[in-house]
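Please look over the structure shown below, and then read the notes that follow it, which begin with a single residue and widen step by step to the strands, the pairing of the chains and the DNA.

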There are 2 protein chains.
Amino acid sequence: MAVSIKTVAERVGVSEATISRVLNNKPGFQASEDTRKKIHNAVAELGYVGNKMARSLGKGRSETIGVIVDCLTNPYFAMLVESTATLSAAAGYHALVEITPSVGSASGRVGQLSGWPVDGMLVWTNHWTILQDASGNAYKDSPIVYLGYPRTDGTDWVASDLYDGGRQITEHVYDTGRKNVWYLTPYDFDIPVRSEMRMRAYTDVTKERGFQDHVIATPRCEESTDVGVAVGQQIAAMPKSERPDALVVQNDLIAIGVYRGLRDAGLRVPEDIALTGFDGTLEGQNLERPLTTLSTPPQEMARVALEILFSRIAGNDAGPIGRMLKGTLLVGKTT
Amino acid sequence: MAVSIKTVAERVGVSEATISRVLNNKPGFQASEDTRKKIHNAVAELGYVGNKMARSLGKGRSETIGVIVDCLTNPYFAMLVESTATLSAAAGYHALVEITPSVGSASGRVGQLSGWPVDGMLVWTNHWTILQDASGNAYKDSPIVYLGYPRTDGTDWVASDLYDGGRQITEHVYDTGRKNVWYLTPYDFDIPVRSEMRMRAYTDVTKERGFQDHVIATPRCEESTDVGVAVGQQIAAMPKSERPDALVVQNDLIAIGVYRGLRDAGLRVPEDIALTGFDGTLEGQNLERPLTTLSTPPQEMARVALEILFSRIAGNDAGPIGRMLKGTLLVGKTT
DNA sequence: AAGGGTTACGTAAGCGCTTACCGTAACCGA
DNA sequence: TCGGTTACGGTAAGCGCTTACGTAACCCTT
């Protein structure tokens, strides 16, 4: 029904092959200026826009890359996806997003995206599992770059150096003179790898400075902000002597919640208690007191990851590539 | 290379057609329990996952819907896209996102998505233009539901009732006793339709109450927050007598900027000046003083829009469908 | 015993494009 | 005059699915 390459071919009076070759600028193929013109005219007049599906089927490549993330409400992911979409568009690729909190969980698998011949995938995992196909085997139909955490399982990854970041932020907190610093993490005991590095950095620095570490773990869940609020209230309810004088929180979203919880309960940040986040989100900066946090620009992450991915698509089959991106400390008004 | 339907067929010893029919549960087709079993076993053993491209080519439907928005950094859009992705996944569809600030602009056209046989599209437009294909004709290869603003051009749309919302929020502001209320809009003089309704509601209410209206228009641009900051500073720099005592701002992002601008210049909100946003974003609620705003849940918008879209895909060709969603006033601490 | 309905599956023609492999015809130099 | 280029472009075989149509075997009916 729609105008296909056949329509154009008939209109111009040449074969479909010629149309295809001219439109794709096939190297080594020469058409007369005349046919070229005619073809382009016909295309314009008919409003012909190929059919990407057929094209992909024919070429065996879809010029689409898949992006799998937990959610988009976290602005960090939103930015990540946005960057991926624009960067891949610039390279002539489409971005197919899939939101699957399940990917990366123990039973994580490549849900909907499966069977879609994406040329490559960017996958954010919170856990250290591998993407699996429907039968539970490691997915390997197309190259994947895992985002978020460093890996040692032979896959490609781009991560922010959480250990380094954790140290930067913890040291900063101690540098401001705090002595009883707690760490707050949405901890998933089933998958102990999660966030190890940020937390380990915290405990390391704490020990090095000769202080006592203290970790609060809350169940990992969607409504991070609310979780934070609850924790904030709990802490505010403690007698002053038992309370920490600083809280290093695993990410901005939760930290924001904690901020609200503390504030609503009448505690002042940072006068009564210092607070830090992690991620460098916009929200954090829009708090009354911009949040002290550590940012690894998702744009950068997307850029580096796509670089790797495109090289894989182009055939690069060297050993596993990993890139650690160092974050930068953003000192706000909460410490 | 990958395992195709042919592989399965050979393994089981039946024709490809049978595989396809069994796997798709073709109504009216009966296979023996035996073959069914064999097929499912083979599929499991081989790890066969169809090829969606070929499937789509064959059926003429791609089971993919496209979503076009300005950006994802605006959490409103992020939420919209997230809802679309999850809701369509639930219906067995994929979501293909395209970020194109240009769509909806005067020269707006269906960029990358063009040629991709999406079964339908959700398009957010800031302006009242129609999606165009490469040759400048109205795009009509697949059904589209336009989001954001009501339309009278025969296309389907889902919008939040901006006039109603504008009235709600303006009246609320006057109800708090303000008398010199200004309106701030990122106004694109090239496309005067933009936001007419919110602003008109403001002027209407203002006149009804016997006050003088005053509109500040700033160039529409990406860094909305920064624009807001600048305006906030300008206003703060005015002598108190010339200053408004309330600012009704076109959206949360800009309002947040204004908040910061005012705050940094030493003005207090709402004591010195009241402030409202529009959209009900998370950021707005995370401000020190949660922003008074008007929210039209993007989830709801996505839900309603997809409902319409799926009905169109199913063949519903009734006249244009429009749905106006009433927003609800969120009274924060800025008024 | 012949016609007719089931049951269970095969055949083959697409879907709209790409591309390896062949023509032609004109032109050119020797 | 003839073989060899060069310029231009047609043919047809896929890519991996779906589906309209056909058919063979079986059982039941009258």
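## A tryptophan in a loop

In which loop of chain B is the place of B:Trp116? In this predicted model, B:Trp116 belongs to the loop between β2 and β3 of chain B. The residue is buried, because 26 other C-beta atoms lie within 10 Å, and the cut-off for that class is 20 or more.

The surroundings of B:Trp116 draw on both chains: leaving aside neighbours within four places in sequence, B:Trp116 is in contact with A:Lys52 and A:His94, as well as with B:Gly66 and B:Leu96 of its own chain. B:Trp116 also lies 8.7 Å from B:Ser62, C-alpha to C-alpha, although 54 residues separate the two in sequence.

## Strand β1 of chain B and its partners

One of the contacts just named, B:Gly66, is among the residues that point one way from β1(B), together with B:Thr64 and B:Ile68, while B:Ile65, B:Val67 and B:Val69 point the other way. In a regular strand the side chains alternate between the two faces of the sheet. Both sets are buried, and the strand, which spans residues 64-69, is accordingly described as mostly covered, with six of its six residues buried.

β1(B) is paired with two other strands of chain B. With β2 (residues 94-99) it runs parallel and is joined by six bridges, and within this pairing B:Gly66 has B:Leu96 as its bridge partner. Between these two strands the chain passes through helix α5 (residues 75-90), and the resulting β-α-β crossover is right-handed. With β3 (residues 120-124) the arrangement is likewise parallel, here over four bridges, and B:Ile68 stands opposite B:Val123 of β3(B).

## How chains A and B meet

A turn of 180 degrees, with a shift of 0.1 Å along the axis, lays chain B on chain A with an RMSD of 0.2 Å. This is the relation of a two-fold axis. The copies meet through the same surface, because 98% of the interface residues of chain B are also interface residues in chain A.

In all, 45 residues of chain B are in contact with 44 residues of chain A. On the side of chain B that touches chain A, the elements giving two or more residues are α4, α5, β2 and α10 (282-286), and α5(B) gives the most, with eight residues. By class, that side of chain B consists of 24 nonpolar, 14 polar and seven charged residues. The two β2 strands also pair directly across the chains, in the antiparallel sense and over three bridges, and B:Val97 in β2(B) is the bridge partner of A:Ala95.

## The surface near DNA strand D

Which residues are the closest to DNA strand D? They are A:Ser15, B:Ile5, B:Ala17, B:Ser20 and B:Gly58, out of 24 residues that surround the strand. Helices α2 (16-23) and α4 (52-59) of chain A, together with α2 (16-23) and α4 (52-59) of chain B, are the elements that give two or more residues to this surface.

The largest share, five residues, comes from α4(B), and α4 of chain B is also listed among the elements on the side that touches chain A. Divided by class, the surface near DNA strand D has eight nonpolar, twelve polar and four charged residues.

Note on methods:
Residues are numbered from 1 along each chain as its sequence is written. Chains are lettered from A and ligands numbered from 1 in the order in which they are written. This is a predicted model: local features need pLDDT of at least 70, side-chain atom pairs count only at pLDDT 80 or more; totals for chains, interfaces and linings use all residues. A residue is near a molecule or strand if its C-beta atom, placed from the backbone, lies within 6 Å of it. Ala, Val, Leu, Ile, Met, Phe, Trp, Tyr, Cys and Pro count as nonpolar, Asp, Glu, Lys and Arg as charged, and the others, Gly among them, as polar. A residue is buried if 20 or more other C-beta atoms lie within 10 Å of its own, exposed if 12 or fewer, and partly exposed in between; C-beta atoms are placed from the backbone. Two strands pair if DSSP finds at least two bridges between them. A crossover is right-handed if, with the strands pointing away from the viewer, the path from the first strand over the helix to the second runs clockwise. Copies are superposed by least squares on the C-alpha atoms of residues with pLDDT of at least 70 in both. Two residues are in contact if their C-beta atoms, placed from the backbone, lie within 7 Å.
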